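Student: I have a protein model open and I'd like to learn how to read it. Could you take me through some side-chain contacts and a helix?

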Amino acid sequence: MEKQRFIDKVAIVTGGANGLGRGMTEQLVKEGAQVVVFDIEDDTMEEVYDGNERVYCMHCDVRDYEQVQECVAKTIEVFDHVDVLMNNAGITHRQNFLECSQEGWLDVMGRCSPSSKSQIP
């Protein structure tokens with residue numbers, strides 16, 4: 001039996017539709033959390049989480065500061081608070097690190113910053 005460390009806790013997982021984010025979401029749910037998934041893969045979120053009352057999915061592109069603000073506000077409107085933020089959304093450019101352009105670097109690194117900033121009081 002899983003420890004119930006997250007009973008009555010609300011967690012946001014960015015990039016929670018698949019990969020590590022999906023694993024984080026599943027584990028948080030097992031441990032009692034209500035999880036809000038921010039992702040741009042709407043079909044995947046629906047396929048994976050349809051019918052799971054502990055997971056609330058929102059289309060959210062974390063590169064878009066305004067969209068993140070709206071989704072965080074909606075999360076607080078629905079659940080009244082946020083206890084946990086898992087900044088997982090991200091991408092990679094399949095190239096040598098030293099050959100990465102500034103645009104590519106900013107694209108990769110800019111994925112999670114708006115999510116974090118929106119949670120700081």
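Tutor: Sure, we'll go through salt bridges, then a helix, then an aromatic pair. Keep in mind that this is a predicted model.

Student: Okay, salt bridges to begin with. How many salt bridges does the count come to?

Tutor: You look for a side-chain nitrogen of Lys or Arg within 4 Å of a carboxyl oxygen of Asp or Glu. By that rule there are four salt bridges here. One of them joins the side chains of Glu31 and Arg5, at 2.5 Å from N to O.

Student: Which parts of the chain does the pair of Glu31 and Arg5 tie together?

Tutor: Find each partner's place along the chain. Glu31 is in the loop between α1 (19-30) and β2 (34-39), while Arg5 is in the segment before β1 (10-14), so this pair links parts that are 26 residues apart in sequence.

Student: Are Glu31 and Arg5 buried or exposed?

Tutor: Buried means under 20% relative accessible area, and exposed means over 50%. Glu31 has 4% relative accessibility, so it counts as buried. Arg5 has 56%, so Arg5 counts as exposed.

Student: Where do Glu26 and Arg22 lie?

Tutor: Both are in helix α1, four residues apart, or about one turn of the helix. Their side chains meet in a salt bridge at 3.1 Å, N to O. Glu26 is partly exposed, at 35% relative accessible area, and Arg22 is partly exposed too, at 34%.

Student: And what about Lys74 and Glu77?

Tutor: Their side chains form a salt bridge as well, with N to O at 3.7 Å. They sit three residues apart in helix α3 (residues 65-79), so about one helical turn separates them. Lys74 is partly exposed at 32%, whereas Glu77 is exposed at 61%.

Student: Let's stay with α3. What should its 15 residues span?

Tutor: You can work with 1.5 Å a residue, remembering that the expected span uses one less than the number of residues. For α3 that gives 21 Å, and its end C-alpha atoms are 21 Å apart, so the two agree.

Student: Which residues of α3 are buried?

Tutor: Val68, Cys71, Val72, Thr75 and Phe79. Now look around the helix axis: these residues cover an arc of only 100 degrees, so they are on the same side of α3. On the face turned away from that buried side you'll find the exposed residues Glu66, Glu70 and Glu77.

Student: What happens at the ends of α3?

Tutor: At the N-terminal end, Asp64 acts as a cap, with a side-chain oxygen 3.1 Å from the backbone nitrogen of Glu66. After α3 comes Asp80, whose phi is positive, near 80 degrees.

Student: Last topic: how do I read aromatic rings?

Tutor: A pair of rings is described by the distance of the centres and the angle of the planes. This structure holds one aromatic pair. The ring centres of Tyr56 and Phe79 are 5.6 Å apart and the planes are at 90 degrees, so the pair is edge-to-face.

Student: Where do Tyr56 and Phe79 lie?

Tutor: Tyr56 is in strand β3 (residues 55-59) and Phe79 is in helix α3, so the pair ties together parts 23 residues apart in sequence. Try the accessibility check again here. Tyr56, at 29%, counts as partly exposed, while Phe79, at 19%, is buried.

Terms used. Residues numbered from 1 in each chain as written. Predicted model: local features only at pLDDT ≥ 70, side-chain atom pairs only at ≥ 80, totals over all residues. Heavy atoms only, no water. Helix = DSSP H or I, 4+ residues; strand = E, 2+ residues; numbered from the N terminus. Buried < 20%, exposed > 50% of the residue type's maximum accessible area, 1.4 Å probe, protein only. Arc of directions from axis to C-beta. Polar contact = N/O pair within 3.5 Å; in protein donor to acceptor, adjacent residues only side chain to side chain. Phe/Tyr/Trp six-rings, centres within 6.5 Å; stacked < 30°, edge-to-face > 60°.
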